[in-house]
Amino acid sequence: MNAQTAPDTPIRPFRLAVPQADLDDLHDRLRRTRWPDELPGVGWSYGVALDYLRDLAGYWRTGYDWRAWEARLNAFPQFTTTIDGQRIHFLHVRSPEPRAVPLLLTHGWPGSVAEFLNVIGPLSDPRAHGGDPADAFHVVAPSLPGFGFSGPTHSTGWGFVRIARAWAELMRRLGYDRYVAQGGDMGGLISPWVGRVDPGHVLGVHVNALITLPGEDDWDAGGGSDEGDWQERSGYAQVQSTRPQTLAYALTDSPVGVLAWNLEWFVDYDPARTLQTAVDRDLILTNVTVYWLTATSGSSARIYKESTMAEWSPEGRSPVPTAVAVFPGDSTARGIAERQHNLVRWTELDRGGHFAALQAPDLLVDDVRAFVRDLR
């Protein structure tokens, strides 16, 4: 059954109200954590450092306030609908500006819609944030299938293309005939696919943290990433793309396990290698808490196995105008980006990092605005 013929099409209001018993259970599990040992002097070279994790887990238990962040999320209108048999949760923030452009924001792993808390306001209501009202957007930010409040997936095949088709149906269902797609990390792979599957309705695609893997025709276009760096940090991807179910048992049972696993990307643990801006620890914990409370660490990992190599590295060039923002720490290969996308804008930023909406929201907003001005 495809998205267009799915019978369950209502859009229902949604509001977060996590039972206190779930928070109490989280705090109790954190208190009873069984800690491993650590070799002396290894720092982060073997993985997440023990002292760092102990400190952050302690703050998660005694200092972090989920209710405050739950209220921040609830400040934005949220909804659910069913597309292609899958529950989809999304934020939908309409701008007060009558000429606002619809903007579809897609997060990645290990993120969630909480990534966008600091960009939704400036994007949807620039007048209230010192910007030009002509730059306004109607913001739609869905939780990926299998992630967070979209809940676990219930069938195989939820790779980038199927998600892109679901996003196109979501925008159609919301009444948006022309829109812009934006995303980073996994969202930086899915958003261009939205342009490929729905080119008649996508005005343009803006991506950050674009992953550029060479296809058959790309070997002379420049490498996608530093090979040594990727080999050192790719353990999580190897597991998630091959044995996500085995991983799911540990991550569903241990909140410190989820925290450590997700810190593989949330913490830039080698400042000598990059100049990334640190992610605020409350924002890290909000994203991690979403995974824990929804028990979706295992199902979110499946996207790595569900997406084929052809989806990671598409053949042929997308027809949709595409902008790429490169933040510190990312290693997007321009040659491959130009071959796979209709590249009309390339911006290299000197502040931020892989999670631009968390690390440099002002720069990300500015770059999206500048790109879309030429499309309006």
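Biologist: Why is A209 called buried in this predicted model?

Modeller: Buried means under 20% relative accessible area. A209 has 2% relative accessibility, so it counts as buried.

Biologist: And where does A209 sit along the chain?

Modeller: You'll find A209 in the loop between strand 7 (202-208) and helix 7 (227-233). Its phi is near 50 degrees, a positive value, and A209 is not a glycine.

Biologist: What makes a positive phi worth pointing out?

Modeller: Most residues other than glycine have a negative phi. Another residue to look up is D84: its phi is positive, about 55 degrees, and it isn't a glycine either. D84 belongs to the loop between strand 2 (78-83) and strand 3 (86-93).

Biologist: Is D84 buried or exposed, and how do you know?

Modeller: Buried! The cut-off is under 20%. D84 has a relative accessible area of 19%, so it is called buried.

Biologist: Okay, what about the peptide bond from W109 to P110?

Modeller: That one is cis, with omega near 5 degrees. Most peptide bonds are trans. As for P110, look in the loop between strand 4 (101-106) and helix 4 (120-124).

Biologist: Let's try a helix. Which residues of helix 3 are buried?

Modeller: Helix 3 covers residues 66-74, and W66, W69, E70, L73 and N74 are buried there.

Biologist: How do you know that they line one face of helix 3?

Modeller: Look down the axis of helix 3: its buried residues fall within an arc of 145 degrees, so they line one face.

Biologist: What covers those buried residues of helix 3?

Modeller: The cover includes helix 1 (20-31), strand 2 and helix 11 (281-294).

Biologist: Now the whole chain. How do you know that its radius of gyration agrees with a compact globule?

Modeller: Set one value against the other. With 376 residues, a compact globule would come out near 21 Å, and the protein chain has 20 Å, so the two agree. Along the principal axes, the C-alpha atoms fill a box of roughly 55 × 50 × 45 Å.

Biologist: How much of the chain is buried, and what is its secondary structure?

Modeller: Buried residues make up 60% of the 376 residues. The chain has 16 helices and nine strands.

Biologist: And which share of the contacts comes from residues 24 or more positions apart?

Modeller: They account for 76% of the contacts with a separation of 6 or more.

Biologist: One last thing: how many side chains are positive, and how many negative?

Modeller: There are 34 positive and 46 negative ones, and the centres of the two sets lie 6 Å apart.

Definitions and conventions
Residues numbered from 1 in each chain as written. Predicted model: local features only at pLDDT ≥ 70, side-chain atom pairs only at ≥ 80, totals over all residues. Heavy atoms only, no water. Helix = DSSP H or I, 4+ residues; strand = E, 2+ residues; numbered from the N terminus. Rg over C-alpha atoms; globule rule 2.2 N^0.38 Å. Buried < 20%, exposed > 50% of the residue type's maximum accessible area, 1.4 Å probe, protein only. Contact = heavy atoms within 4.5 Å. Lys, Arg positive; Asp, Glu negative; His and termini not counted. Charge placed at Lys NZ, Arg CZ, Asp CG, Glu CD. Arc of directions from axis to C-beta.
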